[in-house]
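User: I have a model open in my viewer and would like to learn how to read it. Could you walk me through it?

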Amino acid sequence: MSLPSSSHAYGIGLIAVIVGAALGVSYYQLYFIPELNAKPIIPEKILHPGDTTTIIIVPGAENQAQEQNFTPKTTKAQLGVNNLVVWKNTGETAHTVTPDKPFKDQFSGDFGSPGVIKPGASYQFTFTQEIVVPYHCDPHPWMKGQITIEHGALTS
Ligand SMILES: [Cu+2]
């Protein structure tokens with residue numbers, strides 16, 4: 001008579017394991033994964049600032065002897081004011097905007113042009129945090145610039 005009761009206990013044990021595993025998986029899917037992928041909450045005025053900061057890549061920028069390439073070379077922008085930064089290539093050669101060290105913005109992700117910016121094209125990036133990023137052009141490493149993102153006057 002011991003066999004049926006022990007197999008009954010075995011059955012209950014098995015059900016408990018299955019229920020436990022199901023709870024574990026749903027916790028993982030419902031709470032753990034969304035938490036991992038969650039982006040920080042960024043104020044609307046930082047996501048969509050009223051102004052844009054424009055940096056011109058001037059014609060002849062690829063000439064090492066030419067002083068002007070990224071214009072202006074050092075630029076400051078304020079969060080919530082003009083933290084959307086646009087690089088416009090007005091020359092006749094393709095260039096890149098490449099950070100000297102990789103930088104990943106908390107919201108916008110990896111900074112740097114994906115491939116080259118062709119003549120007449122532009123690259124834009126919304127910075128959402130205070131940071132100083134020195135950058136250069138990959139094909140013409142003497143082309144150097146630096147963007148500084150500061151706490152904005154309007155940023156809470
Ligand atoms: Cu270049």
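Analyst: Happy to! A good place to begin is the annotation. For this protein, UniProt lists residues 69-150 as "domain: Blue (type 1) copper", in an unreviewed entry. Keep in mind that the model itself is predicted.

User: How much helix and strand does the span 69-150 hold?

Analyst: Residues 69-150 are 0% helix and 45% strand, and the C-alpha atoms at the two ends of the span lie 23 Å apart. For the protein as a whole, the count is two helices and ten strands. Reading from the N terminus, both α elements come before the β elements.

User: What does the domain assignment give for this protein?

Analyst: Domain assignments split a chain into pieces that you can then place in space. Here there are two: domain 1 covers 1-38 and domain 2 covers 44-150. Their centres, taken over C-alpha atoms, are separated by 52 Å.

User: How do I judge the overall shape?

Analyst: Compare the radius of gyration with that of a globule. A compact globule of 156 residues would have a value near 15 Å, whereas this protein has 26 Å. The C-alpha trace spans about 95 × 35 × 25 Å along its principal axes.

User: Where does K39 lie, and why does K39 count as exposed?

Analyst: K39 is in the loop between α1 (2-37) and α2 (44-47). To judge exposure, count the C-beta neighbours: 12 or fewer inside 10 Å makes a residue exposed. K39 has 10, so it counts as exposed. Sequence distance and spatial distance can also be compared here: K39 and Q106 are 67 residues apart in sequence, yet 7.5 Å apart in space, C-alpha to C-alpha.

User: And at the other extreme, how much of the protein is buried?

Analyst: Of the 156 residues, 22% count as buried. To find a core, look for buried nonpolar residues that join up. The largest nonpolar core here has 22 residues, and V85, W87 and I147 have the most contacts inside it. Elements giving two or more residues to this core are β1 (52-57), β4 (84-89), β8 (122-126), β9 (131-136) and β10 (144-150). β4 gives the most, with three residues.

User: Which residues does V85 touch?

Analyst: Leaving out residues up to four places away in sequence, V85 touches T53, I55, A77, Q124, F125, F127 and I147. You can put those contacts beside the figure for the protein: among contacts between residues at least 6 apart in sequence, 67% join residues at least 24 apart.

Note on methods:
Residues numbered from 1 in each chain as written. Predicted model: local features only at pLDDT ≥ 70, side-chain atom pairs only at ≥ 80, totals over all residues. Core = buried A, V, L, I, M, F, W, Y, C linked by C-beta atoms within 7 Å. Buried ≥ 20, exposed ≤ 12 C-beta atoms within 10 Å, placed from the backbone. Helix = DSSP H or I, 4+ residues; strand = E, 2+ residues; numbered from the N terminus. Contact = placed C-beta atoms within 7 Å. Domains from an automatic or database assignment. UniProt positions renumbered as here; feature names shortened; annotations may be inferred. Rg over C-alpha atoms; globule rule 2.2 N^0.38 Å.
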